[in-house]
Amino acid sequence: MVITLVGFLQEKSINYTRTVAEDFHHYFVDCDTTVWIKIGISLLVSVLSSVLCIALLYNFRWRIMFFFFRNFRRFAEKGLELDFDYDLYVSYSDDCVSFVKELQEKVEDEWGFKICFEDRDFVVGESIANERATSINRCRHIIFLVTPSIVKNEWTRFEIERAKYEKFSKNLQRIVVITRDIPIDTIPTEFSTIWKDVLLIQWPVEKDAIQMAWQKLRLWFF
């Protein structure tokens, strides 16, 4: 009797399993695997898209910040009726021409600022004094590249006086002095009257320190 009952149960189990296998879709009609596959793919795409967006924002954070800052600044300047053709005026002597080219590549090509300097932007045939004064007036900021030859450069003293006037007139926003191969105590005394308004960088020699100097200069222009 016991053997007969066990056999009966085994037969029923086999029959039930076979029935389920033969009519699988009828029993599992509500379990649609394609739905879960779609949900999984959607989640994966969302995660990858978020990671990609975060990476792009991080890599281009400076460009994005500069874009919003530049538009905000133009809006503010329009309200103050200020109009600038250049971002930077660069004052330099003959022994600093190579550094001016390096500055141009960094500031214009990488940062997107517009520089005004004598060798490229002055109108030929016009008065040098008038060109310097007008150019400084058309720039937001000015950089003085102070090198040993600047001590003998009379035009540098003229540009310092013009920068004083523009700063006191509230037109000039930043006065940056970059010293190269010259002690601080030999800087022209004309700077003393605006020294409190000057941002000073003693240009380093080490590669890592140079990178930090470029970053400091960039932040000042923001």
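Here are some worked exercises on the sheet, the helices and the aromatic rings of this predicted model.

Some ground rules: the model is predicted, so local features need pLDDT of at least 70 and side-chain atom pairs count only at pLDDT 80 or more, while totals for chains, interfaces and linings use all residues. Residues are numbered from 1 along each chain as its sequence is written, and side-chain values use heavy atoms, with hydrogens and water left out.

**Exercise 1. Work out the strand order of the open sheet and find its edge strands.**

Step 1. Get the terms straight. Strands (E, at least two residues) and helices (H or I, at least four) are DSSP runs numbered from the N terminus, and two strands pair if DSSP finds at least two bridges between them.

Step 2. Start from S1 (residues 86-91). On one side, 5 bridges join S1 to S3 (residues 139-146) in parallel; Val90 stands opposite Ile143 there. S1 also pairs with S2 (residues 115-116), again in the parallel sense, over 2 bridges. Leu88 has Ile115 of S2 as its bridge partner, and Tyr89 has Cys116.

Step 3. Write out the order. The 5 strands run S2-S1-S3-S4-S5, with parallel pairing, in an open sheet. S2 and S5 (198-202) are the edge strands, as each pairs on one side only.

**Exercise 2. Are S1, Ile115 and Thr179 buried or exposed, and what do the two residues touch?**

Step 1. Fix the cut-offs: buried is under 20% relative accessible area, exposed is over 50%, and partly exposed is in between (1.4 Å probe, protein chains only). Contact means heavy atoms within 4.5 Å.

Step 2. Check S1: 6 of its 6 residues are buried, and the strand is mostly covered.

Step 3. Take Ile115, which sits in strand S2. Its relative accessibility is 2%, so Ile115 counts as buried. Neighbours within four places in sequence aside, its contacts include Leu88, Val90, Leu103 and Val107. The C-alpha atoms of Ile115 and Val90 are separated by 7.2 Å, though the two are 25 residues apart along the chain.

Step 4. Do likewise for Thr179 in S4 (residues 174-179). At 3% relative accessibility, Thr179 is buried too. Leaving out residues up to four places away in sequence, Thr179 touches Val146, Ile184, Ile187, Leu200, Ile201, Gln202 and Trp203.

**Exercise 3. Describe how helix H7 packs against H8 and the sheet.**

Step 1. Recall what to report: two packed helices are described by the angle between their axes and the distance between the axes. Axes are lines fitted to C-alpha atoms (for helices, over the stretch in contact), and angles run from 0 to 180 degrees between N-to-C directions.

Step 2. Read off the geometry. H7 (residues 128-137) and H8 pack at about 40°, axes 10 Å apart. The crossing is right-handed (the near helix is turned clockwise from the far one by less than a right angle; anticlockwise would be left-handed).

Step 3. List who's involved. H7 brings Ile128, Ala129, Arg132, Ala133, Ile136 and Asn137, and H8 brings Trp155, Phe158, Glu159, Arg162 and Glu166. Sorted by class, that's 6 nonpolar, 1 polar and 4 charged residues (Ala, Val, Leu, Ile, Met, Phe, Trp, Tyr, Cys and Pro count as nonpolar, Asp, Glu, Lys and Arg as charged, and the others, Gly among them, as polar).

Step 4. Turn to the sheet. H7 touches S1, S2 and S3, and its direction makes about 125° with that of S3. The buried residues of H7 are Glu131, Arg132, Ala133, Ser135 and Ile136.

**Exercise 4. Classify the pairs Phe99–Trp214 and Trp155–Phe158: stacked or edge-to-face?**

Step 1. Use the criteria. Rings of Phe, Tyr and Trp (its six-membered ring) pair if their centres lie within 6.5 Å; planes under 30 degrees apart are stacked, over 60 edge-to-face, the rest tilted. The structure holds 9 such aromatic pairs.

Step 2. For Phe99 and Trp214, the centres are 6.1 Å apart and the planes at 15°, so the pair is stacked. Phe99 belongs to H5 (residues 97-110) and Trp214 to H9 (residues 207-221), so the pair ties together parts 115 residues apart in sequence. Both residues are buried.

Step 3. For Trp155 and Phe158, centres 5.7 Å apart and planes at 90° make the pair edge-to-face. Both lie in H8 (residues 154-168), 3 residues apart, about one turn of the helix. Trp155 is partly exposed at 36% relative accessible area, and Phe158 is partly exposed at 31%.
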